[in-house]
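Here is a short briefing on one protein model. It covers strand pairing, the nonpolar core and a few chosen residues.

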Amino acid sequence: QVQVVESGGGLVQSGGSLTLSCTASGVIFRINATAWYRQGLGNQRELVAVVTSDGRSSYADSVKGRFTISRENAKNTTVLQMSQLQPSDTGVYYCYADLLSRNPRRNLYWGQGTQVTVSP
């Protein structure tokens, strides 16, 4: 059974840094793309960054130049390095994976989310 699990959230002061990790476990043949989304209180879930199997990445305008997404393919892990954090970055961060596994009827998986709180 495939699982996607995030870690690394926490409380940080404005201007600080945090690193989030997302690891997919189970029998996985290939990870096509992995993305980070976030959802602030009262807001809709929004795309933060995405990285494809060939390493191409893209970012929301609000995080460009501050966040970096990368993949560690051997570990089925995706890392989101966040710097110059602002209170507006506060929210629950979710990992989203598009992958191939033993289950041919499903290829999209969400993690349970990890809280990031940036204090002024």
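**Leu80 and its surroundings**

Leaving aside neighbours within four places in sequence, Leu80 is in contact with Leu18, Thr19, Leu20, Trp36, Val48, Ala49, Phe67, Thr68, Ile69 and Tyr93. The model is predicted. Leu80 also belongs to the largest nonpolar core, described next.

**Nonpolar core**

- The largest nonpolar core holds 27 residues.
- Trp36, Val48, Phe67, Leu80, Met82, Tyr93 and Leu99 touch the most other members of this core.
- Two or more core residues come from each of β3, β4 (28-39), β5 (46-52), β7, β8, β9 and β11.
- Of the residues that touch the most other core members, Trp36, Val48, Phe67 and Tyr93 are also among the contacts of Leu80.

**The four-stranded sheet**

- An open sheet is built from four strands in the order β1-β3-β8-β7.
- Its pairing is antiparallel.
- β1 (3-7) and β7 (67-72) are the edge strands, each with a single partner, so one side of each has no neighbour in the sheet.
- From one strand to the next, the twist averages 15°.
- Strand β3 (residues 18-25) and β8 run antiparallel and are joined by six bridges.
- Leu20 has Leu80 in β8 as its bridge partner.

**Thr77 in β8**

- Thr77 lies in strand β8, which spans residues 77-82.
- Is Thr77 buried or exposed? Thr77 counts as buried, because its relative accessibility is 10% and the cut-off for buried is under 20%.
- Its side chain reaches the backbone oxygen of Lys75 at 3.0 Å.
- Not counting residues up to four places away in sequence, Thr77 touches Ser21, Cys22, Thr23, Ser70, Arg71 and Glu72.

**Strand β11 and its partners**

- In a regular strand, side chains alternate between the two faces of the sheet.
- Strand β11 (residues 114-119) shows alternating side chains.
- Thr114, Val116 and Val118 point to one face and are buried.
- Gln115, Thr117 and Ser119 point to the other face and are not buried.
- Which strand runs parallel to β11? Strand β2 (residues 10-13) does, with four bridges joining the pair.
- Val12 stands opposite Val118 in β11.
- Strand β9 (residues 91-101) runs antiparallel to β11, and three bridges join them.
- Tyr93 has Thr114 in β11 as its bridge partner.
- Tyr93 is also one of the residues that touch the most other members of the largest nonpolar core, and Leu80 is in contact with Tyr93.

Methods:
Residues numbered from 1 in each chain as written. Predicted model: local features only at pLDDT ≥ 70, side-chain atom pairs only at ≥ 80, totals over all residues. Heavy atoms only, no water. Buried < 20%, exposed > 50% of the residue type's maximum accessible area, 1.4 Å probe, protein only. Polar contact = N/O pair within 3.5 Å; in protein donor to acceptor, adjacent residues only side chain to side chain. Contact = heavy atoms within 4.5 Å. Pairing = 2+ DSSP bridges. Axes fitted to C-alpha atoms, helices over the stretch in contact; angles between N-to-C directions. Core = buried A, V, L, I, M, F, W, Y, C linked by side-chain atoms within 4.5 Å.
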